[in-house]
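Student: I should like to take a close look at a single part of this structure, namely its nonpolar core. Could you please explain which residues form the core and how the rest of the chain is arranged around that topic?

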Amino acid sequence: MSADHHMPSSTDLERELEQVRRDHAIALKDRPEHAHALAARMKKLEDDLARAK
């Protein structure tokens, strides 16, 4: 089972991080209750991206 699991590529992580950053910027204005969760997701993606490089 673990052989089927693959880590996202750096490109995938970068794209997802860009999207989460956009969502976070919108959330700060329109839905501040979601901003904290998005900030945590950004941090995780940044950490994953740093490990992938």
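Tutor: The following account begins with the chain as a whole, turns to the core, and ends with one buried polar residue.

This is a predicted model. The chain contains two helices and zero strands. Of its 53 residues, 21% are buried. The accessible surface amounts to about 4300 Å², and carbon and sulfur atoms account for 56% of that surface.

The largest nonpolar core consists of nine residues. Its members are Leu13, Leu17, Val20, Ala27, Ala35, Leu38, Met42, Leu45 and Leu49. Two elements each give two or more residues to this core: helix 1, spanning 10–30, and helix 2, spanning 32–52. Helix 2 supplies the largest share, with five residues.

Leucine 17, one of the core residues, deserves individual attention. When residues up to four places away in sequence are not counted, leucine 17 touches Met42, Leu45, Glu46 and Leu49. Contacts across the sequence can also be considered for the chain in general: among contacts between residues at least 6 apart, 57% join residues at least 24 apart.

Finally, consider aspartate 48, which is found in helix 2. Aspartate 48 counts as buried because its relative accessibility is 17%, and buried means under 20%. The side chain of aspartate 48 makes a polar contact, at 2.6 Å, with the side chain of arginine 51.

How values were computed:
Residues are numbered from 1 along each chain as its sequence is written. This is a predicted model: local features need pLDDT of at least 70, side-chain atom pairs count only at pLDDT 80 or more; totals for chains, interfaces and linings use all residues. Side-chain values use heavy atoms; hydrogens and water are left out. A nonpolar core is a set of buried Ala, Val, Leu, Ile, Met, Phe, Trp, Tyr and Cys residues joined through side-chain atoms within 4.5 Å. Buried means under 20% relative accessible area, exposed over 50%, partly exposed in between (1.4 Å probe, protein chains only). Helices (H or I, at least four residues) and strands (E, at least two) are DSSP runs, numbered from the N terminus. Contact means heavy atoms within 4.5 Å. A polar contact is a pair of N or O atoms within 3.5 Å; within protein, one must be able to donate a hydrogen and the other to accept it, and residues adjacent in sequence count only if both atoms are side-chain atoms. Accessible areas come from the Shrake-Rupley method with a 1.4 Å probe; for residues, only the protein chains shown count as cover.
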